[in-house]
Amino acid sequence: MAQKRENIHKYLFGHPFRTDSVVADIPVSAGEAPYLLRSQDETGEVFRYALSEEDRVYGLGEQVRGIDKRGWVYASWNMDDPEIHENRQSLYASHNFLVVDGKEKFGVFVDSPGKVVYDIDYTTRGEMAIFCGRDFGLYIIEGESVLDVIRTFRKMIGRSYIPPKFAFGFAQSRWGYMNETDVREVADEYGKCGFPVDMIVLDIDYMENYKDFTINGERFPDFPAFVREMKARGIRLIPIIDAAVKAEDGYSVYEEGCKGGYFCKDKDGKPFIVGVWPGDSALPDFLSPEARAWFGEKYRVLLDCGIEGFWNDMNEPSLFYSKDSLARTIRGIAEKEGKNLSLTEFWSITGSVARLANNADDYASFYHETEGGKVSHKEVHNLYGYNMVRAASEYFGKYDKDKRTLIYSRSSHIGMHRYGGIWTGDNASRWDHLLLNLKMLPSLNMCGFLYVGADIGGFGQDTTEDLLLRWTALGAFVPLMRNHCTFGSRRQEYYRFGNRQAFKNLLDMRYSLVPYLYSEFVKSALRDELMYTPLGFLYPDDERAKETEDQMFVGGSIMIAPVYRQNTRGRNVYLPEDMKMVRMRSVSDYTEEILPKGDHYVEMGFGEVVFFVAKGKAIPLAKPAKNVAALDEEHLLWIKYADGKTTYELYDDDGFTTDVREENIRTVTV
Ligand code: GLC
């Protein structure tokens, strides 16, 4: 039965598509939404709110710019474009939740699968305008504090995905590991250097011609044996699965998809053909429950080989071109052959080629068969990646209902947070991307995504040793800790750099932190709380804390302040209260110092992890080990900032089964 909730107001406009983003049964409210002024324009419904000087606006998950979102236009429109910079309007995901923090405190969730635009203090200073389209649900969530509003929202959307514990270990990845020899070499080098590692990630080259659910038999002659060999060394292989299926006669996945009608169709009912890595490909219709069940079951071939984790990619869906638009463009260019072109005509050629990728007209040219009937992709674009992960996750539950399987995706939408994690796509080896990684963490948590991470060292371009060191020092505190980079860029496995001791310290420290990170992660999931909390959410009366966007609480006990500028030996740190600074090179080599509230310049060396423990808090640490399974969690070491005894709520479990519950928490006095 629907429960009346005083603090959640729900409104429906037009004919909303069922996104399954919200799981709570919330009745529709009467009248108009509070706080917002409603109007209409040619795009549909618009809601405005007058922002006063002191108001801050938080949220929107995977987005550019700061934690406070004022001063820019953001669009929810999942987009595969690796040029990530502050003037972009959308990245790979769309997360339609924000919180206004001022005299009034309230959250807004636009439950829409299509484009939503947030003009926050950009066009008109002092005004936030949300362009919602025509068919959507609108939720206004009230609360005493920002954290209160977020908790209510998170309860509404259901418990966040909890991966197996090995997923808190380190993952080495690179686009370009071509065969067993390449993968073995990575494992060998990690072993030789004594660097811990839990996962080696397989990018598209493990497949046969980029065909999903195939294994290239020349490169991996006995894949199940190779999976076993790696597992015996404590390493799990994590293969990629891309969204599009190669359109090739004789390829069983394509043929089954055609026969079952499981692909997205063009206006004539034929599979819509796009170009991605395998060339001509068809897009599985993840919005159809039958297609989801069919595609999900395909994972079996890899699960049967002993695979326990996957990543899903190209699921915005990414289109390098559609078959039709490519043919049209080539014809257009051919017509100009031999002519003396004006500059405008010349630019029309380059423009027509540039417009091929992720073209809006293509997204409007294919259709889904949903429970509610046929729908144009453009109306439901942002749900595609979400439902790709859902297909996999629903099948994992059938394959082994008691087991947690690792899965993370590039594209996402609120709702997918229940089925898997995300990495934030094709960043680059840039210092500002390290900072963006940090700032995104709380915004993602607000929208339900807890198992998150960015490519450490940067995906595109060439990394530098110091960038990699600083990024790894942040990555040590992030659930998905993956070093990944693109084909052709400078190699960035840790063993390729001179300062191995510094990298070893950072990796070992990560493993020492696993008991704390896992505990804080699962408690955040069980209690619908943030794992990363900006200072301003915790010290709402402290203006300095609110302006500090480059420091973060990780769990309830510690604050981090990563270095994100090149050629600096440390940084300024603002302490919102007295804290204990811990400077660690290893669990047996660290110093502690109590620092008073206020500003401090703190030196931070390359091979050390510096963090700050809040008063009355403690953290558990383990001795480092070669992988998560080898950690000795019976004999934990504790660091605390307390005069006498204090307590810590420690969550732990077997790390594999779905038996994750509050009862696994025990209060430890230290
Ligand atoms: C996409 C992914 C990237 C991957 C590449 C090849 O660009 O975002 O992580 O390495 O495809 O599969």
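**Cores, ligand shell and cysteines**

The largest nonpolar core comprises 204 residues. Within this core, the residues with the most contacts are F97, L98, L138, M156, L237, Y299 and F611. Helix α14, spanning residues 500–527, supplies the largest share of the core, with 15 residues. A second core is separate and has 18 residues, including M559, A561, V602 and V610. The model is predicted, and all values here are computed from it.

The ligand is surrounded by residues from several parts of the sequence numbering: W175, D203, I204, I240, W277, W311, D313, R410, W423, D426, F459 and H484. By class, this shell divides into 7 nonpolar, 1 polar and 4 charged residues. Polar side-chain atoms approach oxygen atoms of the ligand at three of these residues, described in turn. For D313, a polar side-chain atom lies 3.1 Å from a ligand oxygen. For R410, an N or O atom of the side chain is 2.9 Å from an oxygen atom of the ligand. For H484, the distance from a polar side-chain atom to a ligand oxygen is 2.9 Å. On its own, the ligand has 310 Å² of accessible area, and the protein covers 97% of this.

The structure holds 0 disulfides. C132 cannot form one in this model because its sulfur is 15 Å from the closest cysteine sulfur, that of C447, too far for a bond; the cut-off for a disulfide is 2.5 Å. C447 is likewise in no disulfide, with the sulfur of C132 as its nearest cysteine sulfur at 15 Å. Both cysteines are buried. The relative accessibility of C132 is 2%. That of C447 is 0%.

A charged residue in a loop was also examined. E608 is located between strands β34 (598–603) and β35 (609–614). Although in a loop, E608 counts as buried because its relative accessible area is 12%, and the cut-off for buried is under 20%. Its side chain makes a polar contact of 2.5 Å with the side chain of R583. A polar atom of the E608 side chain also lies 2.9 Å from the backbone nitrogen of G605. The E608 side chain is thus placed by the model beside both a side-chain partner, R583, and a backbone partner, G605.

Conventions: Residues numbered from 1 in each chain as written. Predicted model: local features only at pLDDT ≥ 70, side-chain atom pairs only at ≥ 80, totals over all residues. Heavy atoms only, no water. Near = heavy atom within 4 Å. Polar contact = N/O pair within 3.5 Å; in protein donor to acceptor, adjacent residues only side chain to side chain. Areas by Shrake-Rupley, 256 points an atom, 1.4 Å probe, with all protein chains shown as cover. Nonpolar A, V, L, I, M, F, W, Y, C, P; charged D, E, K, R; others polar. Buried < 20%, exposed > 50% of the residue type's maximum accessible area, 1.4 Å probe, protein only. Core = buried A, V, L, I, M, F, W, Y, C linked by side-chain atoms within 4.5 Å. Helix = DSSP H or I, 4+ residues; strand = E, 2+ residues; numbered from the N terminus.
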